[in-house]
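Colleague: Could you take me through this structure, beginning with its charged side chains?
Modeller: Certainly; here it is.

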Amino acid sequence: MPAGLQSKTCASHLMKLFFAARQTRPDLTTAIVRLASAISRWNVTHDKELRHLMCYVAHHTHDEITFELSCSDLERACVVLWVDSDWAGDRAHTQS
């Protein structure tokens with residue numbers, strides 16, 4: 001497969017997204033890490049996936065995960081988070 005157009009700049013794009021996602025959007029980290037694992041073998045499919053991710057982020061800039069707890073919530077607080085809610089959406093590694 002031919003090298004992607006973003007093969008030289010993909011790391012920069014992904015790390016900027018990753019920095020922002022660590023602060024407010026942990027749900028994006030799975031997609032970013034999956035793409036980052038392909039930096040050394042970047043191809044046109046990864047270009048499409050990066051574009052899809054960037055478009056998603058651009059259209060959901062108002063979304064963020066925030067929470068606030070008071071000391072009185074300590075006894076009953078429970079944080080549950082799944083960042084990979086589709087459990088096999090990665091086409092490159094899906095076995096079925």
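**Charge pairs, core and surface**

Modeller: This is a predicted model. In it, aspartate 27 and arginine 25 form a salt bridge, their closest N and O atoms lying 2.8 Å apart.

Colleague: Is arginine 25 buried or exposed?
Modeller: Arginine 25 counts as buried, because its relative accessibility is 8%, below the cut-off of 20%.

Colleague: And aspartate 27, how does that count?
Modeller: Aspartate 27 has a relative accessibility of 27% and therefore counts as partly exposed.

Colleague: How many salt bridges are there by this rule?
Modeller: The count comes to two. Aspartate 73 also forms a salt bridge, with arginine 76, and there the closest N and O atoms are 3.2 Å apart. Arginine 76 is exposed, at a relative accessible area of 63%.

Colleague: Which buried aspartate has no salt bridge?
Modeller: That description fits aspartate 47. The nearest side chain of opposite charge belongs to lysine 48 and is 9.1 Å away. A salt bridge requires the nitrogen and the carboxyl oxygen to be within 4 Å, so aspartate 47 is left without one.

Colleague: Where is aspartate 47, and what does it touch?
Modeller: Aspartate 47 is placed in helix α3. Setting aside residues up to four places away in sequence, aspartate 47 touches Gly4, Leu5, Gln6 and Trp42.

Colleague: Changing topic, which residues make up the largest nonpolar core?
Modeller: The largest nonpolar core has 10 residues in all: Cys10, Leu14, Leu17, Ala21, Leu28, Ile32, Leu35, Trp42, Leu50 and Leu53. Two or more residues come from each of the elements α1 (10–24), α2 (29–36) and α3 (44–59). Helix α1 gives the largest share, four residues.

Colleague: Why might such residues gather in one place?
Modeller: In soluble globular proteins, nonpolar side chains tend to be buried together.

Colleague: Let us pick alanine 21 from that core; what is it in contact with?
Modeller: Leaving out neighbours within four places in sequence, alanine 21 is in contact with Pro26, Leu28, Thr29 and Ile32. Of these contacts, Leu28 and Ile32 are also listed in the core.

Colleague: And on the surface, which residues form a nonpolar patch?
Modeller: Ile65, Phe67 and Leu69 form one, with about 360 Å² of accessible area together.

Colleague: Where is phenylalanine 67, and is it buried or exposed?
Modeller: Phenylalanine 67 is in the segment after α3. With a relative accessible area of 69%, phenylalanine 67 is exposed, since the cut-off for that class is over 50%.

Terms used. Residues numbered from 1 in each chain as written. Predicted model: local features only at pLDDT ≥ 70, side-chain atom pairs only at ≥ 80, totals over all residues. Heavy atoms only, no water. Buried < 20%, exposed > 50% of the residue type's maximum accessible area, 1.4 Å probe, protein only. Core = buried A, V, L, I, M, F, W, Y, C linked by side-chain atoms within 4.5 Å. Contact = heavy atoms within 4.5 Å. Lys, Arg positive; Asp, Glu negative; His and termini not counted. Patch = residues over 30% accessible without salt bridge, like charges linked within 9 Å, V, L, I, M, F, W, Y side chains within 5 Å. Areas by Shrake-Rupley, 256 points an atom, 1.4 Å probe, with all protein chains shown as cover.
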